[in-house]
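Let's learn to read a helix and the chain around it, one question at a time. Have a look at the picture first.

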Amino acid sequence: MPVVLGTLLALISVAVIAYPFFGSKRYRMVSERFITRELSRAERLRIYRKISDIDADFTSGDLTEADYQQQRDMLRVSAAEILRQESGASSSNSARDEELEKEISRLREQSAQPPEGGDPLR
Amino acid sequence: MADLGVMALLLGLALSAYSAVGSIIGEKRGMAELVVSARRALYMTTLAAAVASGALINAFVQNDFSIKYVADHSNTLMDRAFVWVAFYAGNEGSLLYILLTLSIITALSVWFAPKRLARSMPWTIAILAVIQLFYFGVLAFVASPFELLGTVPGDGRGINPLLTHPGMFSHPPLLMGGLIAITIPFAFVSGAMIAGNYGDDWIDVARVSAIISWGVLGTGMLLGAWWAYTILGWGGYWAWDPIENVALMPWLVMTAFIHSVMVQKRRGMFRMWNVALLNIAFVLAQLGMFINRGGPVVSVHSFAASTLGVIFLIFMLASLVFAFALFLWRMPEMKSDRAMESFISREASFLINNFLFLSVMAVTLWGVLFPLFSDLARDVSVSVSAPYFDRANGPVLLGIVIMMGIGPLLPWRKSSARSLKQWFMWPTLVGVLTIVVLVALGVQRPVAILAFGVVAFVATAISEEWWRGTAARHQAGDNWLLAWWRLVNGNRPRHGGYIVHISILMLGLGIIGTNFYQQRTDGALSLGESLVIDNYRIEYVGNGDESRRDRIAQWAEMSVYRIDTNDYSTEIAVARDEGLSGFTLENSEVRPNDELIAQIQPWHGFYPDFNMASVRSGIRSTIVEDLYVIPRDFLADGRISLAVSINPLAWWLWASGPFFILGTMVALWPQSSVERRSKHQKVPAAPDDNEGEL
């Protein structure tokens, strides 16, 4: 019995690893374009997260207003640039700005931040 | 079942080899089918490891003593619940357990790996497959748990009595699992380095997998301390034993990593440093395996010396060469995005805390390896003991706790004198006040008083952080509870970290209390006699015994009274004159203010087959202190020989565990649904969006 089970296990393994060669599904190595798009999306999400973090830091008084505005502007510009690259020429500046604002608002809503420029405790 | 186990191990070996080679060739030659097939082979190794483990567990359940490992680690008397413990009670079984854990977490991490790592995944898979290949190879050819005996015994030897403790169901699996789980972040980062992904693409996977391994390892160490406290019968919980140290060292390095990775995420700095930390942690984990598997350093925990030690030494050295050759190769491309602007900033505080963690690691490593060096230099193996570690590491550990308070109060980039004054005022005041109050109350031991002050400083710093954030949200209209919840929810990694910091403070309280203020006394009592220590009287009121085929067990029934020391002033004065911290009373009459507070049952067992004694201390635990009674021996004249101690604040050691786990879970919980939402947002698709399974 153990030998039968062992042989069955081996056969299943061979079938699973051989399937990509003989199955109907075709595979391709990932293209540079695909990777670039995935990386760009990940970078954009990281920037949204950073914006959310500095919003929280500013609210808690961890950042001065000048630093906060400077960092936030830089991050927004970076995010807008990535969005521009992601969407190519197909969307307008206002559409990108709208998209950016929407994401930032979602983040703010999620962590229930007070409105921009909220009064930090000092 | 042994045949099935052996077949599964050989199959796993072949699958791992195929996965490693297939991944590399497939990637180099652009053969997508081969890369997919190699990944599937890696998944199948999990099934092979599971079948081998199932075969061994089944052999325990069936009492199949034809298998040497089963005969060595169980018998027909063993409680069936301990089959799980017996599975990893010996060298071979524990290696199989490690392989099973590794294959499961490998499959999960590869399955859930983000698509953006597609280019580096074949390399990551190859690294993971090579590590699995090593374990399959060792189990198949060097340390097989399925070795058969020529003559089948009627019964087995039984499980090691020290392992028959509830803590053993979770302590060894967590410890071994935590150590082997360090492989995952290491493999992902190394794969990214080989593929030339120098940026921060690997950071999220590395951070999450690092926190998981760190949390599991930390929980395992804490459970080990609890096990030692309750069963080993020496009254302590951490002995700086080499095996404890080899678990602690990678944990310290991973702690440094999960702090400095925040700087990389937030500021794009420390990239090179973080890669180096993961390399060090992985190599230290391999060092732990080497020492535990018959390495040259003597430990009460390690398995018997064997050829395995040499094999693990070679694997550790190979890991070291690979990790650091790769690091040096890719170092020029891993520069930080920006430089540090000020040394009074959060990133600088993280850097300092990293150096402190690495200092403790280096001191500990030196202590672990010193017997080897002394043996090489003078032909005499000299081991270092707890005082060396306490003296060398104690002040640095206190420094780490201080940094736990300072770091969160500092802003990123730089800070102003005004803000420093504002943020540090309350924590410093409370810390200093704590010291003043303790001195005024006549508390002894300056170092401990300073440590209590530091704990108060850090606790206030965390409270202040939470207060500031909560108050800001409260001003925006939330009620206090909701405001605090939203604060934590808004940045889980940060606030999860604070919860872990609280657990470390609780641990600190326990360590200070038990190390600086412990009282101990010894005595031998006849029935009806009492032992008095501090404001406790322990009366020996009864006993029992049980003789089984595998053990001779004896226990004592004891009544614990809280006493008014004024009722015993004469005896206490005599004991003080003799320099004793406790004394025995032949007459156990209850005095006016004696209050019965507990019944305890210290237990002592002797296992002839193992020539080993095992004890269960009688413990009466409160938030303030533990009364801890160790039954040393039941003497021939009917007396019981006892060691009794009062361990102040010991309760806090174990109470820190749930907070540690909670904080780790909070820090790990997916930060937001932004990513999920973003996947569905309308960014126009590129024409070749469909890339198949890759």
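Q: Where does helix α14(B) bend, and by how much?

A: This is a predicted model, and in it α14(B) bends by about 40 degrees at N393(B). A proline, P395(B), follows within four residues of that bend.

Q: How many residues does helix α14 of chain B have, and what distance does it reach?

A: It covers residues 386-409, which makes 24 residues. From first C-alpha to last, α14 reaches 34 Å, close to the 34 Å expected at 1.5 Å a residue.

Q: Which residues of α14(B) are buried?

A: A general idea helps here: an α-helix has 3.6 residues a turn, so residues three or four places apart point the same way. In this case, the buried residues of α14(B) include F389(B), N393(B), V396(B) and I400(B). Also among them are M403(B), M404(B), G407(B) and P408(B).

Q: What covers the buried residues of α14(B)?

A: The cover includes other helices of chain B, among them α10 (242-267), α13 (346-378) and α15 (417-440). Helices α16 (446-475) and α18 (492-516) are part of it too.

Q: How do I read chain B as a whole?

A: Start with its elements: chain B has 21 helices and eleven strands. Then look at burial: 58% of its 694 residues count as buried.

Q: What does the radius of gyration of chain B agree with?

A: A compact globule of 694 residues would have a value near 26 Å, and chain B, with 28 Å, agrees with that. Its C-alpha atoms fill a box of roughly 95 × 80 × 55 Å along the principal axes.

Note on methods. Residues are numbered from 1 along each chain as its sequence is written. Chains are lettered from A and ligands numbered from 1 in the order in which they are written. This is a predicted model: local features need pLDDT of at least 70, side-chain atom pairs count only at pLDDT 80 or more; totals for chains, interfaces and linings use all residues. Side-chain values use heavy atoms; hydrogens and water are left out. Helices (H or I, at least four residues) and strands (E, at least two) are DSSP runs, numbered from the N terminus. The expected span of a helix is 1.5 Å times one less than its number of residues. The bend at a residue is the angle between axes fitted to the seven residues ending there and the seven starting there. Buried means under 20% relative accessible area, exposed over 50%, partly exposed in between (1.4 Å probe, protein chains only). Contact means heavy atoms within 4.5 Å. The radius of gyration is taken over C-alpha atoms; the globule rule is 2.2 Å times the number of residues to the power 0.38.
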